[in-house]
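Colleague: I have a model open and some labels to sort out. Can you take me through the reasoning behind them?

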Amino acid sequence: MTDSELFKLAGIKEINKAVPKKKRLCRDFPFISAAVLAVILFSCLFAEILMTKDPAYLDLSSCNTAPNKEFIFGTDSLGRDIYSDIWYGGRISILIGFLSTLISTSIAVIYGAVSGTAPKWLDDAMMRFTEIFLSIPSILLVIFIGAALGKSNILTLSFIIGITSWPSIAKVVRTEVLQIRQSEYVLASKCMGANFFHILKNHLAPNFISSIMFMVVMNIRSAISTESTLSFMGMGLPIEIISWGSMLSLAQKALMTESWWVIIIPGAFLIALLVSITNIGNYIRKNFNQVESNI
């Protein structure tokens, strides 16, 4: 009898299958994306160390200067040093991404948990509202709410993006809660008088947090992309607040003066960040799916 037959009789077939999957997951980890993301995050976090100029200083005598020894990435049409603006502005863009994702995830978790534990009529009503919300393009909602609130800043833009990007996560949370709401430990906690937030924190969230991690990571990417899109359209942050989006808002002037570095360099950093987040998010999704298939 072969070793594989002995293992099969001993009931260790699944264990031996799981080991190669773990090795494959480690091999499939996007190390390059993680390294690029880490470099960008730490560089933006410690921007003061890397900056060679004041990012807000307008050197009108050096407008649209090509990359050289003094201005490593050149200057924009306002005379600002693009190298310094990249690190300083990246901090703003990433901050908006994290703040808006925190807002959207908080709304989604509470809304989805309430829907999953509510009576059927209320659950149906909440899900119909979610589907209607999802049917409206998010960029239109962001523009409409932004116009209603007036001039944007970091907090208002994060709030607007956050309250328009929660429905997809809420639907996943609701599905997971429906599967575990009748579990013994949940029912026992209710019988002992635990409130909704206690049950959510201690019993519901630990069971669905892994299911939404991929969507949370992708929400960060979407928020950064939305901020850049709005700023490029002139509807996001004002030009005096430096972000990668507001830097790209000077694209039209750059095209007219053939100042390619004003567009290419901020765009390249933005694409590198978004691709890195996407690759890590895909790895998390693949990892979760393979873990689920082993259960």
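**Labels and the values behind them**

Modeller: Start with the overall picture. The protein chain has 14 helices and zero strands. Keep in mind that this is a predicted model.

Colleague: How much of the protein chain is made up of buried residues?

Modeller: Of its 295 residues, 42% are buried. Buried means under 20% relative accessible area.

Colleague: Why are α5 and α11 called oblique to each other?

Modeller: Take the angle. The axes of α5 (residues 82-117) and α11 (residues 196-232) cross at roughly 140°. Over 145 degrees counts as roughly antiparallel, and 65 to 115 as roughly perpendicular. The crossing of α5 and α11 fits neither range, so the pair is oblique. The axes come within 7 Å. The crossing is right-handed.

Colleague: What makes the contact between Asp124 and Lys120 a salt bridge?

Modeller: The distance. Their side chains meet at 3.0 Å, N to O. The cut-off is within 4 Å, so the contact qualifies. Both residues lie in helix α6 (residues 120-135), four residues apart, which is about one turn of the helix.

Colleague: Why is Lys120 called exposed, and Asp124 partly exposed?

Modeller: Lys120 has a relative accessible area of 62%. Exposed means over 50%, so Lys120 earns the label. Asp124 is at 26%. That value falls between 20% and 50%, so Asp124 is partly exposed.

Colleague: How do you know that Arg128 and Glu131 are separated by about one helical turn?

Modeller: They are three residues apart in helix α6, and that spacing is about one helical turn. Their side chains also meet in a salt bridge, at 3.0 Å from N to O. Arg128 is partly exposed at 42%, and Glu131 is partly exposed at 35%.

Colleague: Which residues are linked with Arg80 in a network of salt bridges?

Modeller: Asp76 and Asp85. Arg80 and Asp76 meet at 3.0 Å, N to O. Both Arg80 and Asp76 are buried. The structure holds seven salt bridges.

Colleague: What is unusual about the phi of Asn64?

Modeller: Most residues other than glycine have a negative phi. Asn64 is not a glycine, yet its phi is positive, about 55°. Asn64 sits in the loop between α4 and α5.

Colleague: Last one. What makes Phe46 partly exposed?

Modeller: Its relative accessible area is 41%. That is between the 20% and 50% limits, so the label holds. Phe46 lies in the loop between α3 and α4. With Phe42, Leu45 and Ile49, Phe46 makes a nonpolar surface patch of about 470 Å².

Key
Residues numbered from 1 in each chain as written. Predicted model: local features only at pLDDT ≥ 70, side-chain atom pairs only at ≥ 80, totals over all residues. Heavy atoms only, no water. Patch = residues over 30% accessible without salt bridge, like charges linked within 9 Å, V, L, I, M, F, W, Y side chains within 5 Å. Areas by Shrake-Rupley, 256 points an atom, 1.4 Å probe, with all protein chains shown as cover. Helix = DSSP H or I, 4+ residues; strand = E, 2+ residues; numbered from the N terminus. Buried < 20%, exposed > 50% of the residue type's maximum accessible area, 1.4 Å probe, protein only. Axes fitted to C-alpha atoms, helices over the stretch in contact; angles between N-to-C directions. Parallel < 35°, antiparallel > 145°, perpendicular 65-115°, else oblique. Left-handed = near helix turned anticlockwise from the far one by under 90°.
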